[in-house]
Amino acid sequence: MYHLTALVTLLAVLFFFFTCMNVSRSRTKTGIKVPAMSGHADFERAFRIQMNTLEWMPIFLPSLWLFAIYISDPIAAGIGAVWIIGRIVYFIGYSQAAAKRGPGFAIQGTAAIALWAGALGAVVLRLV
């Protein structure tokens with residue numbers, strides 16, 4: 001069973017849901033009406049945080065699960081938790097200013113690459 005990886009997956013989905021709610025809140029706060037996607041820097045940053053998180057989910061989630069299956073549930077969950085922490089740091093920084101998004105991006109990017117590379121290495125080792 002992969003209880004820890006399942007928990008991290010649910011937390012990642014919860015964080016994404018939070019970013020969706022933040023975009024909605026930002027629309028209300030800035031007066032940006034649907035379907036507009038621009039018009040106020042605060043809204044645009046909130047929207048990019050949500051979209052960037054969505055863009056990384058297809059990289060993160062399969063890598064997380066393959067790492068858990070081929071290597072270790074607890075290690076995958078630990079690295080996955082680092083990814084979520086990176087996304088939170090990204091959210092906080094980018095919400096303040098676009099120039100502050102770098103540290104969070106680096107944290108989550110490193111975690112995602114570690115999961116992907118670990119999973120790839122484990123699969124290749126089993127093939128040879």
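A nonpolar patch lies on the surface of this predicted model, formed by Trp-116, Leu-120, Val-124, Leu-125, Leu-127 and Val-128. Together, these six side chains' residues offer about 700 Å² of accessible area. One member of the patch, Trp-116, can be placed in helix 4, which spans residues 102-127.

Turning to the packing of helices, helix 1 (residues 3-30) lies against helix 2 (residues 41-70), and their axes are 9 Å apart. The angle between the two is about 170 degrees; because an angle over 145 degrees counts as roughly antiparallel, helix 1 is described as roughly antiparallel to helix 2. As for the make-up of this contact, 19 of its residues are nonpolar, while eight are polar and two are charged.

Salt bridges come next, and the structure holds two of them. In one, the side chain of Arg-45 meets that of Asp-42, with an N to O distance of 2.5 Å. Both partners belong to helix 2, where Arg-45 and Asp-42 are three residues apart, or about one turn of the helix. How buried or exposed are these two residues? Arg-45 has a relative accessibility of 15% and counts as buried, because the cut-off for buried is under 20%. Asp-42, with a relative accessible area of 33%, is partly exposed.

The other pairing joins the side chains of Arg-48 and Glu-55, at 3.3 Å from N to O. Here Arg-48 is partly exposed, its relative accessible area being 30%. Glu-55 likewise falls in the partly exposed class, at 43% relative accessibility. The values for Arg-48 and Glu-55 lie between the limits of 20% and 50%, so both residues are classed as partly exposed.

Finally, a look at the loop between helix 3 (73-96) and helix 4 brings Ala-98 into view, as this residue is placed there. Ala-98 is partly exposed, with 31% relative accessibility. Along the chain, Ala-98 and Thr-30 are 68 residues apart, and in space their C-alpha atoms are separated by 17 Å. Thr-30 is also a handy landmark for the reader, since residue 30 closes the range given for helix 1 (residues 3-30).

Note on methods:
Residues are numbered from 1 along each chain as its sequence is written. This is a predicted model: local features need pLDDT of at least 70, side-chain atom pairs count only at pLDDT 80 or more; totals for chains, interfaces and linings use all residues. Side-chain values use heavy atoms; hydrogens and water are left out. Axes are lines fitted to C-alpha atoms, for helices over the stretch in contact, and angles run from 0 to 180 degrees between N-to-C directions. Helices (H or I, at least four residues) and strands (E, at least two) are DSSP runs, numbered from the N terminus. Angles under 35 degrees count as roughly parallel, over 145 as roughly antiparallel, 65 to 115 as roughly perpendicular and the rest as oblique. Ala, Val, Leu, Ile, Met, Phe, Trp, Tyr, Cys and Pro count as nonpolar, Asp, Glu, Lys and Arg as charged, and the others, Gly among them, as polar. Patches are made of residues with over 30% relative accessible area and no salt bridge: like charges are joined within 9 Å, nonpolar side chains (Val, Leu, Ile, Met, Phe, Trp, Tyr) within 5 Å. Accessible areas come from the Shrake-Rupley method with a 1.4 Å probe; for residues, only the protein chains shown count as cover. A salt bridge is a side-chain nitrogen of Lys or Arg within 4 Å of a carboxyl oxygen of Asp or Glu. Buried means under 20% relative accessible area, exposed over 50%, partly exposed in between (1.4 Å probe, protein chains only).
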